[in-house]
Amino acid sequence: DGYTFFVGAIHHTIAESLYSKLPYRGIEKDFEPVTVLAYVPNVVVVHPKHDFKTLQDLIAYAKANPGKLNFGSAGNGTSHQLVGELFKSLSGTNLTHVPYRGAGPMMQDLLGGNVDLAFDGMGTSAPQIKSGKLRALAVTSEARSPVAPAVPTMVESGFPTFKVTTWYALWAIKGTPREIIDRMHQEVVKALQTPEVRNVWEQQGATAGGQPPAEMAKFVRGEIETWGRVVRQANLKIDL
């Protein structure tokens, strides 16, 4: 009917501080929030060649061997890297970041033992955790993941402020009529509540979103501030 919507993610809030220049004015200036579609926890996974049973085991080794452990990511500026940088800051550890061109190549090298660990999305790591090819030490969400209920949260592992997730959301183009945005929000919420969609999310360890546009706007503002602090602390900057 002539209206354009945009499916984006956590990466767009990271980009606000990470990139020196964007091809648009900003996620809050050029787009109108509709709702978050899903939240997916990140999970700290290690290759079984390491005998780490808990997150504290990993931290103790990392502090005794600064720079020796490395963590893979789907690329510079991805949530994989930023969650890793946040972990380094809060745990006082020195881990070496190894960026890949996508989550697929990173996972291949992690499974092969070429990288030691990752702060991966639960959706891609869950099958490897269940098969025993990777060991999960902690999830970054506020609550434990239903697909890996035995894995503690970062809060349970000694980091009371470590509550982050990878998320995906829907925006409208700035200037879209309010009634159109509200109608889209209503239809998305209906879809998220269907058994078919809920089943897909649950299999990926995800939690459905659906909050009103105003609540999403506050959430996005908070994410921009959170990741801006991480980018500054880690002294990260990418020139386009």
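**Close-up 1. Packing of helix 1 in the predicted model.** The buried residues of helix 1 pack against strand 1 (5–9), helix 4, strand 7 and helix 9. Those buried residues are Ile10, Thr13, Ile14, Ala15, Ser17 and Leu18.

**Close-up 2. The largest nonpolar core.** This core holds 39 residues. Leu55, Phe87, Trp171 and Trp227 touch the most other members. Elements that give two or more residues to the core include helix 1 (10–18), helix 3 (55–64), helix 4 (79–91) and helix 9 (213–233). Strands also give two or more: strand 2 (31–46), strand 5 (117–121), strand 6 (135–139) and strand 7 (165–173). Helix 9 gives the most, with six residues. A second, separate core has 20 residues. Ala38, Leu110, Met122 and Ala136 are among them. In soluble globular proteins, nonpolar side chains tend to be buried together.

**Close-up 3. Surroundings of phenylalanine 87.** Residues up to four places away in sequence are not counted here. Phenylalanine 87 touches Leu55, Leu58 and Ile59. Its other contacts are Gly92, Thr93, Leu95, Phe119, Met154 and Phe162. Phe87 and Leu55 both belong to the group that touches the most other members of the largest nonpolar core.

**Close-up 4. Helix 4 against helix 9.** Two packed helices are described by the angle between their axes and the distance between the axes. For helix 4 and helix 9, the angle is about 70 degrees and the axes lie 10 Å apart. Angles of 65 to 115 degrees count as roughly perpendicular, so helix 4 is roughly perpendicular to helix 9. Their crossing is left-handed. Helix 4 makes the contact with Leu82, Val83, Glu85, Leu86 and Ser89. Helix 9 makes it with Trp227, Val230, Val231 and Gln233. By type, the contact residues divide into six nonpolar, two polar and one charged.

**Close-up 5. Glutamate 85, a buried residue of helix 4.** Glutamate 85 has 10% relative accessibility. Buried means under 20%, so this residue counts as buried. Leaving aside neighbours within four places in sequence, glutamate 85 is in contact with Phe71, His97, Val230, Ala234 and Leu236. Val230 is also one of the helix 9 residues in the contact with helix 4.

**Close-up 6. Histidine 50, a buried loop residue.** Histidine 50 sits in the loop between strand 2 and helix 3. Its relative accessibility is 13%, so histidine 50 counts as buried under the 20% cut-off. Leaving aside neighbours within four places in sequence, histidine 50 is in contact with Leu69, Asp116 and Arg135.

Note on methods: Residues numbered from 1 in each chain as written. Predicted model: local features only at pLDDT ≥ 70, side-chain atom pairs only at ≥ 80, totals over all residues. Heavy atoms only, no water. Core = buried A, V, L, I, M, F, W, Y, C linked by side-chain atoms within 4.5 Å. Buried < 20%, exposed > 50% of the residue type's maximum accessible area, 1.4 Å probe, protein only. Helix = DSSP H or I, 4+ residues; strand = E, 2+ residues; numbered from the N terminus. Contact = heavy atoms within 4.5 Å. Axes fitted to C-alpha atoms, helices over the stretch in contact; angles between N-to-C directions. Parallel < 35°, antiparallel > 145°, perpendicular 65-115°, else oblique. Left-handed = near helix turned anticlockwise from the far one by under 90°. Nonpolar A, V, L, I, M, F, W, Y, C, P; charged D, E, K, R; others polar.
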